[in-house]
Amino acid sequence: MPIVEARGLTKVFRRPDKGTGLAGSVKHLLARRYVEKVAVDHVDLSIEAGEAVAYVGPNGAGKSTTVKLLCGILVPTEGEVRIDGLHPQRDRTTVAHRIGVLFGQRTQLWWDLPVAESLGVLRDIYQVDHATYRKRLARFDDVLELGEILPVIGRKLSLGQRMRADLAAALVHGPQVVYLDEPTIGLDLAVKDRVREFFRSLRDEGITVMLTSHDLADIEGFCRRLVIIDEGRIIFDGDLESVKDSFARERILHVETAGPVPLETLRASLPGAEVTEEESPLKYAVRFDRFAMTAGQVVTVLATLTDLVDFRVDEPSIEDVIRRVYSGELVLPR
Ligand SMILES: Nc1ncnc2c1ncn2[C@@H]1O[C@H](COP(=O)(O)OP(=O)(O)OP(=O)(O)O)[C@@H](O)[C@H]1O
């Protein structure tokens with residue numbers, strides 16, 4: 001049985017349509033008008049225990065709303081959610097123990113308390129015994145270096161410290177399912193790396209993770225499954241690597257040659273590829289479609305023209321593919 005299951009999940013927000021200016025407000029008072037926004041539109045999603053799922057989509061696609069529905073923070077307009085077979089509202093307390101959530105844009109720490117006390121309050125709310133709590137804190141300290149920020153008051157934390165503390169807060173009760181909504185937003189690279197390492201350790205422990213991020217480096221090497229939402233609807237749900245294999249066709253071979261070769265000669269020898277000079281002398285970039293030719297074939301052709309000193313092949317990231325999906329240039333099979 002899936003640990004997270006959503007069927008026909010729909011959320012429609014209704015907000016007052018007040019028009020503009022005073023006249024608009026008066027008109028609204030006399031005859032109330034509303035506009036509706038379908039933020040999540042009949043989403044079906046099944047996540048098995050232990051899966052790490054990337055949930056991506058452009059701004060306003062409905063990602064955060066889905067996460068809020070899956071946690072029980074919002075009640076669906078239509079459809080239903082089950083967490084380990086339980087209903088997020090009817091079984092609120094049991095579900096709260098099974099899930100952890102981090103909203104990168106918001107904190108669940110108490111602003112006026114040191115981090116240690118905020119975590120202590122959560123320990124009491126979730127009734128985590130002291131030995132287990134100490135063990136969890138030690139683990140958070142290992143990867144997140146939490147120890148140094150435990151005495152710091154919430155409002156004095158830097159963004160990176162705040163995110164590390166919030167991760168601990170989301171996990172202090174040992175949830176089976178964790179939703180991470182933009183967990184690396186605004187972090188510098190060193191903290192991002194540390195936090196990403198922590199995600200991998202969660203996955204390796206068998207915790208189910210659903211990760212929403214605009215930084216696709218968060219999902220590479222971490223999530224096997226990719227779900228793309230656009231305008232409230234799931235437009236793709238499948239294997240991340242196979243998407244890359246099938247749609248990230250472009251490869252770039254960076255090559256350094258022993259002597260200069262005229263660009264025209266290189267271009268004439270590699271029809272279908274795009275050859276450009278790189279910034280340093282004797283270095284070229286060959287951009288080619290890997291379905292049209294292999295990197296080996298490109299290297300063989302180049303080696304007939306000159307001696308090669310060094311070469312490297314760059315693969316495009318999943319980011320390129322997803323950018324093309326967002327722009328409508330690429331439609332992935334569902
Ligand atoms: N409380 C609300 N009331 C009215 N509209 C809302 C509310 N929350 C979200 N929306 C609207 O629902 C749509 C989906 O919003 P949501 O925050 O889920 O998107 P998102 O994919 O998380 O976007 P982002 O990547 O920008 O955070 C947007 O058009 C948003 O303006």
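This tour proceeds from the whole chain to a sheet, a helix and a loop.

**The whole chain**

Begin with the entire chain in view, bearing in mind that the model is predicted. Its secondary structure amounts to 11 helices and 13 strands. The radius of gyration is 25 Å, well over the 20 Å given by the globule rule for 334 residues, so the chain is more spread out than a compact globule. Along the principal axes, the C-alpha atoms occupy a box of roughly 70 × 60 × 45 Å.

Colouring by burial would show that 33% of the 334 residues count as buried. Of the contacts between residues at least 6 apart in sequence, 72% connect residues at least 24 apart.

**The two domains**

Next, select residues 50-68 together with 85-245, which the domain assignment gives as domain 1. Then select 249-315, which is domain 2. The C-alpha centres of domain 1 and domain 2 are 43 Å apart.

**An open sheet of three strands**

Now select β1 (residues 4-16), together with β2 (34-47) and β4 (78-83). These strands form an open antiparallel sheet in the order β2-β1-β4. Strands β2 and β4 are at the edges with a single partner strand each, so one side of each has no neighbour in the sheet. On average, neighbouring strands of this sheet are turned by 30° against each other, direction ignored.

Look closer at the pairing of β1 with β4: the two run antiparallel and are joined by five bridges. To see one residue pair, select Val4, whose bridge partner in β4 is Ile83.

**Helix α2**

Move to helix α2, residues 63-71. Eight of its nine residues are buried, so α2 is largely enclosed by the rest of the structure. Among the buried residues are Lys63, Ser64, Thr65 and Thr66 at the start of α2, and Val67, Leu69, Leu70 and Cys71 are buried as well. Continue to Gly72, just after α2, where phi is positive at about 90°.

**The loop at Ser280**

Finally, select Ser280, in the loop that runs between β11 (274-277) and β12 (283-289). Is Ser280 buried or exposed? Ser280 has 7 other C-beta atoms within 10 Å, and 12 or fewer counts as exposed, so this residue is exposed. To end the tour, add Glu256 to the selection: Ser280 and Glu256 are 24 residues apart along the chain, and 9.2 Å separates their C-alpha atoms.

How values were computed
Residues are numbered from 1 along each chain as its sequence is written. This is a predicted model: local features need pLDDT of at least 70, side-chain atom pairs count only at pLDDT 80 or more; totals for chains, interfaces and linings use all residues. Helices (H or I, at least four residues) and strands (E, at least two) are DSSP runs, numbered from the N terminus. The radius of gyration is taken over C-alpha atoms; the globule rule is 2.2 Å times the number of residues to the power 0.38. A residue is buried if 20 or more other C-beta atoms lie within 10 Å of its own, exposed if 12 or fewer, and partly exposed in between; C-beta atoms are placed from the backbone. Two residues are in contact if their C-beta atoms, placed from the backbone, lie within 7 Å. Domain bounds come from an automatic or database domain assignment. Two strands pair if DSSP finds at least two bridges between them. Axes are lines fitted to C-alpha atoms, for helices over the stretch in contact, and angles run from 0 to 180 degrees between N-to-C directions.
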